[in-house]
Amino acid sequence: KTRSDYGITLVSRSKTRSDYAVVVSNGKPEFIDCQISSMHVTGYGAPRVYDCDIVGSANGIGVRVTETCSGTFTRCRIHSHQEACVSADCAGDPTFCENTMYQVTDTMVIACEGILTGHLGAAPGTGGAVFENNTIYVEEQPAAV
């Protein structure tokens with residue numbers, strides 16, 4: 001996609017770890033078909049993010065989920081971040097479903113400091129990020145010539 005193909009593009013060029021393009025600490029905003037460089041979901045934030053590209057954060061993390069947040073990330077492409085595509089350290093239950101997550105360097109795709117569950121894990125509402133039916137990989141780099 002080119003920049004004009006997105007509904008909206010939200011980018012933070014800051015390299016400070018605490019500077020995200022989008023911060024959701026309360027409410028249920030909806031993002032559809034957007035390009036976002038980075039997002040921090042915290043507190044009582046519960047965004048609904050559909051069909052978005054979350055790509056190229058300068059601060060290192062694509063999606064950071066902390067505290068008691070929830071929300072859903074569905075059919076998104078989360079990739080090419082300096083540190084990790086997703087960092088999960090929460091007591092809430094944000095859900096990542098049918099996303100494609102990858103790195104083009106040898107860095108983490110998912111960094112988990114809290115509870116991480118899959119489709120066979122804990123039920124939503126019991127705390128911890130939930131990952132269901134995602135495609136997750138590290139893309140191989142071409143050999144230097």
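**Figure 1. Strands S8 and S11 run parallel and are joined by 6 bridges.** The model shown in this and the following views is predicted. Within this pair of strands, Val 63 is placed opposite Val 86 of S11. S8 covers residues 61-67, and S11 covers residues 84-90. Of the 7 residues in S8, 5 are buried, so this strand is largely enclosed by the rest of the structure.

**Figure 2. Strands S5 and S8 also run parallel, and 3 bridges join them.** His 40 is the residue that stands opposite Arg 64 in S8. S5 spans residues 39-45. S8 therefore appears in two views: it is joined to S5 here, and to S11 in the view before, while 5 of its 7 residues are buried, so that the strand is largely enclosed.

**Figure 3. An open sheet is built from 6 strands with parallel pairing.** The strands follow the order S1-S4-S7-S10-S13-S17. Strand S1 (9-10) and strand S17 (135-138) are found at the edges; each has a single partner strand, so one side of each lacks a neighbour in the sheet.

**Figure 4. Strands S10 and S13 of the open sheet pair in the parallel sense.** S10 consists of residues 77-79 and S13 of residues 100-103, and the pairing is made over 3 bridges. His 79 has Tyr 102 in S13 as its bridge partner. Ile 78 is also part of strand S10.

**Figure 5. Ile 78 of strand S10 is a buried residue.** Its relative accessibility is 0%, and because buried means under 20%, Ile 78 counts as buried. Setting aside residues up to four places away in sequence, Ile 78 touches Ile 54, Val 63, Cys 85, Val 86, Phe 96, Thr 100, Met 101 and Tyr 102. Ile 54 is 24 residues from Ile 78 along the chain, and the C-alpha atoms of the two are separated by 4.7 Å. Two other contacts of Ile 78, Val 63 and Val 86, stand opposite each other in the pair formed by S8 and S11.

**Figure 6. The largest nonpolar core holds 25 residues.** Phe 31, Ile 78 and Phe 96 are the residues that touch the most other members. Two or more residues come from each of these elements: strand S2 (22-27), strand S5 (39-45), strand S8 (61-67), strand S11 (84-90) and strand S16 (129-132). The most are given by S11, which provides 4 residues. Ile 78 and Phe 96, both named above, are also in contact with each other.

How values were computed
Residues numbered from 1 in each chain as written. Predicted model: local features only at pLDDT ≥ 70, side-chain atom pairs only at ≥ 80, totals over all residues. Heavy atoms only, no water. Pairing = 2+ DSSP bridges. Core = buried A, V, L, I, M, F, W, Y, C linked by side-chain atoms within 4.5 Å. Buried < 20%, exposed > 50% of the residue type's maximum accessible area, 1.4 Å probe, protein only. Contact = heavy atoms within 4.5 Å.
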